[in-house]
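Me: Please examine one part of this protein closely and describe its surroundings in a connected account. I should like the account to begin from a single residue and to work outwards from there.

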Amino acid sequence: MQSLQRIRSLVVNSSKYYSHAAKQMTVQEALNSALHEEMSADPNVFLMGEEVGKNQGAFKISIGLLKNYGPGRVLDTPITEAGFTAIGVGAAYHGLKPIVEFMTFSFSMQAIDHIINSAAKMNHMSAGQISVPIVFRGPNGAAARCGAQFVQCFAAWYASCPSLKVLAPYSSEDARGLLKAAIRDPDPVVFLENLFLYEESFPVSEVLDSNFFLPIGKAKIERDGKDVTITAFSRMVGYALKAAEILEKEGISAEVINLRFICPFDRATINTSVRKTSRLVTVEDRFPQHGVGSEICTYVIEESFHYLVAPVGRITGADVRVSYDAGLERMSLPQVEDIVRAAKRTCNGPVQMASTA
């Protein structure tokens, strides 16, 4: 409980529903507005999870929902992830559109049987007769001094399961557009938010349109470049953009791709960028083994190998459990300087293979 209280303390306690007059929107507000609009548009959409109703969410994502839609559509559950996830999946079998909130995705381990075996596989096992329109959402990845059991990224875990779509927003545009798309999707979606991003503000424009959503499977080029491609998702996109600014001062033009989707990957955007820059660095804040970056590297080698002029760089967390100690925690997770070093190493290395003649 102490770790959860520490996580909550990182998020400012908002008390007002977002005003569309603002030109900046936090990720927290973007998620909240998406939930409001989708629940207003479709009476089959409902939210369930621990503290989502009376307390308006552990991180205040569900502000105003209980008041607007009542306890029949905003359900506070006991602390039993296996139980309420199973209820959500069963409701989806019967045509409702549940949004299941995990206080942290580490707790989704209690419910993984229902996510993988009950939700992801049912459409196939029923020969297409049963759709499962359900969203599993909550904070994923790094948090501040929360210990090994709360600081881990599940992107690659869930992306390895066929029939699960895995989304990882970075900006307010991502959060709002991707969550609306996830709720409307006829298949189960794992929606991986990040605690540190909830109170980050981003400029918005057409994002405010109630009809705005982002198509499933399309990445976004956050910054154009010509010397090296950097792929990242969720919080690491911000790190990649900061690294690109540093690299620009040293004469290296980095193209930053916000993946948005871990499954399905936008392979076309990645390969097009690599064929332009001829170099690749992947970034993720998870363990190195069997990761998202490894999969991207494989795709690029299979489809764009002859365009590469240098070895691929792969930035991940350390291959250790994350410590509660602040210093060790920082050493366990990728930092901006790690991305800068990897990009410089990739750009300044040899551009020709040694002759075998």
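Which residues is Leu31 in contact with, leaving aside its neighbours within four places in sequence?

Reply: In this predicted model, Leu31 is in contact with Ile61, Ala175, Leu179, Phe191, Glu193 and Tyr198, once its neighbours within four places in sequence are set aside. Leu31 belongs to the largest nonpolar core, which has 62 residues. Together with Val135, Leu179, Phe191, Ile230 and Val283, Leu31 is among the residues that touch the most other members of this core. Helix H9 (residues 235–249) gives the most to the core, namely eight residues. Another core, of 43 residues, lies apart from it and includes Ile115, Ala119, Leu259 and Val300.

The first sheet to consider is open and has seven strands, in the order E3-E2-E4-E5-E7-E6-E12, with mixed pairing. At its edges stand strand E3 (74–76) and strand E12 (261–263); each has a single partner strand, so one side of each is left without a neighbour in the sheet. From one strand to the next, the twist averages 20 degrees. Within the sheet, strand E2 (residues 45–49) and strand E4 (residues 97–101) run parallel and are joined by five bridges. Val45 has Lys97 of E4 as its bridge partner. Helix H4 (residues 81–93) packs on this sheet, where it touches E2, E4 and strand E5 (135–139), and its direction makes about 165 degrees with that of E4. Helix H8 (residues 172–184) lies across E2, E4, E5, strand E6 (165–167), strand E7 (189–193) and E12, and runs at about 160 degrees to E7.

Helix H5 (residues 112–120) has Ile115, Ile116, Ser118, Ala119 and Ala120 as its buried residues. Their cover includes H4, helix H6 (122–125), E5, helix H7 (155–159) and E7.

A second open sheet has five strands in the order E9-E11-E10-E13-E14, again with mixed pairing. Its edge strands, strand E9 (220–223) and strand E14 (313–315), each pair on one side only. Neighbouring strands here are turned by 25 degrees against each other on average, direction ignored. Five bridges connect strand E10 (residues 228–232) with strand E11 (residues 254–258), and the two run parallel. Thr231 stands opposite Ile257 in E11. Helix H10 (residues 267–277) packs on this sheet and touches E9, E10, E11 and E13, its direction making about 175 degrees with that of E11.

Leu280 is placed in strand E13 (residues 280–283). Its relative accessible area is 0%, so Leu280 is buried. Apart from neighbours within four places in sequence, Leu280 is in contact with Val228, Thr229, Thr231, Val274, Ile296, Val300, Pro311, Val312, Gly313 and Thr346. Ala310 is 30 residues away from Leu280 in sequence, with a C-alpha to C-alpha separation of 8.3 Å.

Helix H9 also packs against another helix. The axes of H9 and helix H13 (residues 336–348) come within 9 Å and cross at roughly 55 degrees, which makes H9 oblique to H13. This crossing of H9 and H13 is right-handed. On the H9 side, the contact is made by Tyr239, Ala240, Lys242, Ala243, Ile246 and Leu247, and on the H13 side by Val336, Ile339, Val340, Ala343 and Lys344.

Technical notes: Residues are numbered from 1 along each chain as its sequence is written. This is a predicted model: local features need pLDDT of at least 70, side-chain atom pairs count only at pLDDT 80 or more; totals for chains, interfaces and linings use all residues. Side-chain values use heavy atoms; hydrogens and water are left out. Two strands pair if DSSP finds at least two bridges between them. Helices (H or I, at least four residues) and strands (E, at least two) are DSSP runs, numbered from the N terminus. Axes are lines fitted to C-alpha atoms, for helices over the stretch in contact, and angles run from 0 to 180 degrees between N-to-C directions. Contact means heavy atoms within 4.5 Å. A nonpolar core is a set of buried Ala, Val, Leu, Ile, Met, Phe, Trp, Tyr and Cys residues joined through side-chain atoms within 4.5 Å. Buried means under 20% relative accessible area, exposed over 50%, partly exposed in between (1.4 Å probe, protein chains only). Angles under 35 degrees count as roughly parallel, over 145 as roughly antiparallel, 65 to 115 as roughly perpendicular and the rest as oblique. A crossing is left-handed if the near helix is turned anticlockwise from the far one by less than a right angle, and right-handed if clockwise.
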